[in-house]
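Here is a set of short exercises to work through with the model open on your screen. Try each task on your own, then compare your steps with the worked solution.

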Amino acid sequence: MAFPHSRGARSRRSDFDQLPDDVPVSANIADIEEKKGFTNYFMFVIEVKLKGRGRYLIFRRYREFYALHTKLEERYGPESDNGPFTCTLPVLPGKVFVGAKREIAENRIPILNVYMKNLLCLPAWVLMDEDVRLFFYHSTFDSEQVPHRLRRLRPRTRRVKSISHQVPIFDRTAAPRAEALFDFPGTNKLELSFKKGDLIYLLSRVNKDWLEGTANDATGIFPCAFVKIIKDLPQQEDTVNKVRCYYHSETVSTIRDISVEEDLSSIPSFKDLMELMRREFDQDDIALNYRDLDGDLIRLLSDEDVELMVSQSRRRPSEKHFFPWKLHITHKDDLGVYNTSPGIDATQIVGAILP
């Protein structure tokens, strides 16, 4: 007679065998990257290994870990009332509100590695959960990122097949390709090494400065400046989102479009917006404003004001890849930009709402 735990072990192995090959089986943080959004923040560069032996990098913020864990607690935690579909979830480190951002991110690496390891050891029905799958999914955003370094990246144990083995010989002349102008010795496992004169088949455009390609039975990324394009890749649509800002001084008004790595549906905090604008315009003594539905400038003073601005902007058309709301930057003491009724001093109105 088999012991119960033996039957359970065989059952778990059987469940795992039936999972598709694109289910993640391990994840390890290779490094952290500082990003520029509404404020500067850090992302964890995570190497994901699939059941089918594929590997790729994903880029996740701590708040994405937190959002995933919250959903899993609601769905599978002991208080979820989900019948047999409950389990003991791994412990996620809590939010930290004080301290240097880089130091906080560095300290989280070993704890988050343990969290992901334990998460991917949970029952098969957790691994197939939609939110778990989305968290570890290699998205378009992930494919567009170029890590600056990968201090903790584990060495690869297999080679990626070259495009020369994938494209029939009669099709190679039609494939996007480039010729190496200089030697390029890759500095990490993601970069493609080649010699001057090598033919490189192009796979994708990572950003304006880097390409992905294959040569000499290896695949990786490399700088555009090192090659001459023979046949270019099809043009790809720009996916960088931007905030349009109008800066008003005593003598001139200028327009500046600021690129941020945030989704168009995201709502920034007032503090993050203020930090971003002070950094971009290199001034501390500024005020943030938006135009209301009547065309008047309204000063932003809190998160609630930002939410109102975002809500009102949804009624207006916006350009593609631009946030629908726009910011007007003025000097903090310039109260003449606000529309007031005759006979009322503008300083009285703004002074009444300023802290």
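**Exercise 1. Find what His69 touches, and decide whether His69 is buried or exposed.**

Please keep in mind throughout that this is a predicted model.

Step 1. Set aside the residues up to four places away in sequence; His69 then touches Leu89, Pro90, Leu92 and Tyr115.

Step 2. Look at the side chains in this group: those of His69 and Tyr115 are joined by a polar contact of 2.8 Å.

Step 3. Place the residue in its element, which is helix H2, residues 62-76.

Step 4. Check the accessibility. His69 has a relative accessible area of 12%, so it is buried, as the cut-off for buried is under 20%.

**Exercise 2. Describe the surroundings of His248, starting from its contacts.**

Step 1. Locate His248 in strand E9, which covers residues 241-248.

Step 2. List the contacts beyond four places in sequence: Ser253, His328, Ile329, Thr330 and His331.

Step 3. Pick out the polar contacts between side chains. His248 makes one with Ser253 at 3.0 Å and one with His328, also at 3.0 Å.

Step 4. Compare sequence and space for one partner. Thr330 is 82 residues from His248 along the sequence, yet their C-alpha atoms are 5.3 Å apart.

Step 5. Classify the residue: His248 counts as buried because its relative accessibility is 18%.

**Exercise 3. Which residues have the most contacts inside the largest nonpolar core, and which elements build this core?**

Step 1. Begin with a general expectation: nonpolar side chains tend to be buried together in soluble globular proteins.

Step 2. Find the largest nonpolar core, a set of 34 residues in which Phe44, Ile46, Val48, Phe65, Met116 and Phe136 have the most contacts.

Step 3. Trace the elements that give two or more residues to this core: strands E1 (24-36), E2 (40-50) and E3 (55-60), together with helices H2, H3 (101-119), H4 (124-127) and H5 (130-136).

Step 4. Single out the top contributor, H3, which gives six residues.

Step 5. Zoom in on Phe44. Apart from neighbours within four places in sequence, its contacts include Ile29, Ile32, Ile58, Phe59, Phe65, Ile109 and Leu112, and also Asp31, Arg60 and Arg108.

Step 6. Look for another core. A second, separate one has 23 residues, among them Phe281, Ile286, Phe323 and Ile329.

**Exercise 4. Decide whether Glu47 is buried or exposed, and find a polar partner for its side chain.**

Step 1. Find Glu47 in strand E2.

Step 2. Read the accessibility: the relative accessible area of Glu47 is 6%, so this residue is buried.

Step 3. Follow the side chain to its partner, the side chain of Arg55, with a polar contact of 3.4 Å.

**Exercise 5. What is the volume of the largest cavity, and which residues line it?**

Step 1. Count the cavities of 30 Å³ or more; there is one.

Step 2. Note the volume of the largest cavity, about 40 Å³.

Step 3. Name the lining: Arg244, Ser318, Glu319, Phe322, Phe323, Trp325 and Lys326.

Step 4. Sort the lining by class, which gives three nonpolar, one polar and three charged residues.

**Exercise 6. Compare the places of Asp217 and Asp282, each with a positive phi.**

Step 1. Recall the background: most residues other than glycine have a negative phi.

Step 2. Read the two angles. Phi is about 65° for Asp217 and near 55° for Asp282.

Step 3. Place them. Asp217 lies in the loop between strand E6 (210-215) and strand E7 (218-223), while Asp282 lies in the loop between helix H7 (270-281) and strand E11 (286-291).

Step 4. Classify each one. Asp217 is partly exposed because its relative accessibility is 32%; Asp282, at 68%, counts as exposed.

**Exercise 7. Where does the side chain of Ser193 reach?**

Step 1. Find Ser193 in the loop between strand E4 (177-180) and strand E5 (199-205).

Step 2. Collect its contacts beyond four places in sequence: Phe184, Pro185 and Gly186.

Step 3. Follow the side chain of Ser193, which reaches the backbone nitrogen of Gly186 at 2.8 Å.

Step 4. Finish with accessibility: at 42%, Ser193 counts as partly exposed.

Methods:
Residues numbered from 1 in each chain as written. Predicted model: local features only at pLDDT ≥ 70, side-chain atom pairs only at ≥ 80, totals over all residues. Heavy atoms only, no water. Helix = DSSP H or I, 4+ residues; strand = E, 2+ residues; numbered from the N terminus. Buried < 20%, exposed > 50% of the residue type's maximum accessible area, 1.4 Å probe, protein only. Polar contact = N/O pair within 3.5 Å; in protein donor to acceptor, adjacent residues only side chain to side chain. Contact = heavy atoms within 4.5 Å. 1 Å grid on protein atoms, 1.4 Å probe; cavity = no way out; pocket = protein on both sides within 12 Å on 5 of 7 lines; lining within 4 Å. Points joined across faces, edges and corners; volume = space filled by probe spheres on them. Nonpolar A, V, L, I, M, F, W, Y, C, P; charged D, E, K, R; others polar. Core = buried A, V, L, I, M, F, W, Y, C linked by side-chain atoms within 4.5 Å.
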